[in-house]
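User: Could you take a close look at one part of this model for me, the place where chain A meets chain C? I'd like the whole picture in one go.

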Amino acid sequence: MRDEDTLVRRVPVKDELKKRVVKGPDGLEFEVDPIQDYYCDARPEVRPGSYVKIVEDLFNWARSESLWILGFGTGCGAIEMRPLMTPRFDAYRYGIQWRPTPRQANLFVISGYLSVKTLKRAIRSYEQMQSPKYVVGLGSCTINGGMYWDSYNTIKKLDEYLPVDVYIAGCMPRPEALLAGFEELKRIIRAGKAEGANLYAQNFEWYKANQKRVIHDWDMPDYNW
Amino acid sequence: MTFDWMKIPYALLTLFIVLNYGLLLTALIQKIGARAGRRHGIPIWQNYVDLLKNYALRTHITHGVMYYLGPVFRLSGGVGLLLFVPSIYGSEMFSNLSFAGDLILALYFIFFGTLGMALGAGESGHPHAAIGVSRGLSQVTAAELPLALAVFAVALQYQTLSVTDIVAAQQGGFTHWTVFTNPLAVAAAMLSFLGSMMRPPFDVVLAPQEIPIGPPTEYHSSYLALMQTNRAIFPVAKMVIYMNLFFGGATSWPVFFVKVFLLYLFSAFVGVVFPRFRVEQSIRWFLIWAVPIGIAAILIV
Amino acid sequence: MRDVLSPFLAWKNLFRDPVSIRDPLNREAAPRYRGFHKNDVEKCIGCGTCETICQNGAIDMVPVEAIPTRHGDSGLRPRIDYGRCCWCALCVDVCMTGSLTMSNAYKWVDADPDAFRFIPGVDAKSWDGSEHGYVCAEGHHLTSLERVPMDELEPEARISNFDEIVAGYDVERAKLEADRCVSCGLCIATCPAHMSIPQYIEAVRDGDYERGVALLYETNPFSNTCGRVCTHKCETACAVHNEGEAVAIRWLKRHIMDQVPQEKVREIVGRPAPATGRKIAVVGAGPAGLTAAFDLAKAGHAVTVYEARHAAGGMTRYGIPEYRLPYDSLDRDVDVIASLGVDIRCDTPIGRDVTMADLHAANDAVVLAIGLHLGRSTRIPGSEHSQVRKAVELLRLITDGEAFDVPKSAVVIGGGNVAMDIARSLARLQKQIHGMVDVTVTALEDLPHFLADKEEVKECGEEGIPIFDARGPQQIVVDDAGRVTGLRTWRVKSIFDDKGRFAPSYDESDEIFHPAEMVIEAIGQAADVSLLGEALTEELTWNRGRIAIDADGRTSVPWLWSAGDCVAGPDVVHAVADGHRVAASIAAVLSEQTISRT
Amino acid sequence: MRTLLENLKERFPLGPITEQRPDLAFVTVERETLRPLIVHLRDREGFTHLVLLTAVDWIEENLFQLTYLVHDRARARDIGLRVMLPRDEPEMESIHDLWPTAATYQRELKEMFGIPFPGSPRLDEEFILEGWVDIPPYRRDFDTLKFAHENFEHRAGRGTTDPATHMRERMGTQGGSK
């Protein structure tokens, strides 16, 4: 009954991403290649910190005490992030706040399972964040698939696709555990060891290969920023 | 008219004091707001840390010249507003670069930053930014209307366009303050004040909790830090205007601090307890409540 | 207007304490929070039930250096992958020993994703000492702890006859009982024959008895017998045994055999392989000899079994009373073996008409499986009296239906199953002949260390046979007329000396006189090796009175193997295992010879 | 409900009926009967709400079962209509013109089961799966565990031991073996 030809849907490029010729308001026609034109397509570069150690230490301290989280709830764990904003947990007192745009955030919390579809968005969001940036993996799913270990549509090892600084065990971790994770991340940042963004730039080909292996309809430039 | 070059370092000193005061003030107000929400809130030095962090980011991307100039315009709006308005009445040191027609310039500067921001954000190409810009401009225009009316009323009342003169006219006891001599104008201005302080219920444009954060969507690292700097200076500068126009100005730094703090607290007082208005709601609100009061103020004068 | 003003009331919060948790980083979870796992590795038996139940595939069973594999403990311990776990606590609920629990610790942060695999209780964690956390609720078990009751004859109904006491499960009850098995397989290694216990229990659960029979015959051609009288050490290794009653493995085995008609069993066992032309002689038609014969016959060898007594079965027939193992059950096992073409010659004692030398001459290999048919004597004063009998000897008489003077009162010396067998058989005969029971058992061991099965001891009591434990026999008292009047015993202080050697010490002040007409010694058996003949006895290597054998059951004489009780001590299923072993060894040697010959 | 079912029986050829609750019944109908029946239920009997449209893969019978659950708000009752489709030719008529929401369900069923609903809007657009390259994953002949192992990296370092085998290896010398 398994008929590859009729059942397997090839992945066509979406219409809005196809190369096309458009007519501008001034009457001139020009070609548009959305994948090339609408994004800044540049390879990430390794950005070393300041060479003056005391300055870098000061910067790292500032980075650690000012964690701006990208408010992108990828999985069920997002529900555990919300209480942190409430008066009950009041994460703001730890210098943690949520930003709605990846441009302003330095911390990407992957809150649980990532479906392939979400992974694509997560990668884009991550790449749009500004260096230095950090990733925290929340719960079993990010470590080894969790309860979706046999799912056809979720990735199992987050660190195959994004550089992860800290993992927090749980399914899901309680808000307190999250805070503990952030505190650990702060410690790592202060120690100058949270160089995920540079790691990503260094191993860019490896990460891309992994990402493209699971994202079958890759229709964006290799680096979005 | 001879220009006293010493005014420049003095103005920069003012700027420095106001910047620090602004950073601490916004944090303090946030803390007070947090306490009203029964939580601890941010540490008082959080603004410094955030600022430092954003300046320390290693990468930044640009979307063109206007995009770069946006925050610069915005900051110069704030700085300009501050510098052309006397902060301390009667002090040679802190009268800054005020001159006879500075009231008009001040009104212009209030709008200037927003416009620059709008241009820069538009350049970023992000749809959320464009939405934010259109929202922001419509709201600011609506909020600016009652303020302009109130300022006209005050200018008519004192027959001058110099802030220094207006402050001078209010000296000699608090009953001389505009708030008592022309309460309607002050009422209109204070309603406008709520709208322009970017606090609830009128903060939909910039609220960091909104998914389309508005004009700053694409701004980050040092661009954002510039805007943050402005966000510390600009409200203070604006409150200086309000203080000078309506509340008798300040004759010394302590009075300055207290009055600005109380003014800021006023916006927070409303902002902490009310939910956000949508843009069309807030425009309607300004047109129905604030503008008539402003017109009434002019008519009475 | 109220709508505008009332929100300002919120400002009163300014003067109240924040509701924020003061220190969320060090906040303890609820006492029954399902936090990180703890495992009491001493209690854990490595049964792997937690692994089986885990829906996330989060648990691996891994060997742990410091924990040896031993009876009832696989030596494996669960390793949990916190990259999989979802803290559903099914593993805690199902844990067969209650060793696996959860602390209420919930914070574990690490930069290394591979760190989240750990063996609770082995890899030290900060929460190991935590008192709180989730444990399986008291009395809550996913599997039933109680054995499905078995119908048995009441003491009154059974004391006057030799009818089988245990009725066996019906299908419904057997399924219920089979459901209690968690298929961990800890029992397999404990069973000398390594029977596929979880698999055949699964067959019961599925109601597929023919598969069950096939599984049984893979490892044990004495399943009818073992289903009744096996020492079932497996049940002491059963995972359920830790918190409740072990699965009735023995009864389930019997149940399978009870469900399948004899013809079908023969059909399932199948036909032997094509004849190899090799000939093997087996001396002794007990479980060991017949099992070896079964394996060898299946492999196509021609096997002849020589049995001295009237019927095949060895000690299972002549040592075990009919109320425990009805003769027809035993006959069914023997029948299947005979159906493979094994030639069982009864009433053919070796050494009389046929000698060992003859067997050697006529066969490629000989298996000696003669069992332990001689009783040992206490050698206390008076033990040479004719009314002092050996238990094995009396049991044989009973089996053969030969009459002997059933005494009105008797005392049995011994605390093993044989002692129980003779005491209870005698009690039945007394009831039949004299209408009353008067048998006493005295044993060296105290009750907690009794050698006999617990059921035996219990049933003994039910049948009105008093047991005096920790009594050392001192003298059989004979009156002036030369009749036995009873046995004098002292209380035992200890059986072994501090070096672990057998050297009982007695409390002479605590003396009891047990009056009896007959004293029966049931303190152990010995093999009757007289049939070997002098030459062979000389040639063989001996080890403390037993024929020395290597790991495969081969003696120092190349053509002679030995198996069963006579080399391994009394135990049916052990004898079966022995039988398999020598058969395998013989088959290997024969095929080697074939290869070297061609 | 009883009267309604009697009523329907007179008008339409109905298959087996299960009355699960007084307010919930399931009716099996032929592929061709579904549309007239569901239109009748919607327009005449007040079942104005399409609660769900879902499918079950009865691979042993070589059938897909579609279930259309419709709800009658006024009388708080539900009817589930079941249509059995052959697995090798599972095409079904679209009902997006009756309820626009049905188009989403149909899109999902096309994606997850491979049941086509010709004419349904955006039917072939990706819904949840992007760039799917295997047979539809809700089909039961799709082996999700195998797929997961082939397509996704699992963390190394796992491996288990069977207690029974391990014990035999460690304790094997005791007693005989087969």
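Analyst:
**Where chain A meets chain C**

Let's start with a charged pair: A:Glu176 makes a salt bridge with C:Arg27, and their closest N and O atoms sit 2.4 Å apart. (A salt bridge here is a side-chain nitrogen of Lys or Arg within 4 Å of a carboxyl oxygen of Asp or Glu.) Across this interface the rule finds one salt bridge. It also picks up 16 residue pairs in polar contact, both at pLDDT 80 or more; that is a pair of N or O atoms within 3.5 Å, one able to donate a hydrogen and the other to accept it, with sequence neighbours counting only if both atoms are side-chain atoms.

On the chain A side, the elements giving two or more residues are helix 6 (140-144), strand 7 (166-168) and helix 7 (175-190). Helix 7 of chain A has the largest share, eight residues. (Helices, H or I of at least four residues, and strands, E of at least two, are DSSP runs numbered from the N terminus.)

Strand 7 of chain A also pairs with strand 5 (residues 109-110) of chain C, antiparallel, over two bridges; pairing takes at least two DSSP bridges. There, A:Tyr167 stands opposite C:Asp110.

Overall, 30 residues of chain A and 29 residues of chain C take part in the contact, meaning heavy atoms within 4.5 Å.

Some housekeeping: this is a predicted model, where local features need pLDDT of at least 70, side-chain atom pairs count only at pLDDT 80 or more, and totals for chains, interfaces and linings use all residues. Residues are numbered from 1 along each chain as written, chains are lettered from A and ligands numbered from 1 in written order, and side-chain values use heavy atoms, leaving out hydrogens and water.
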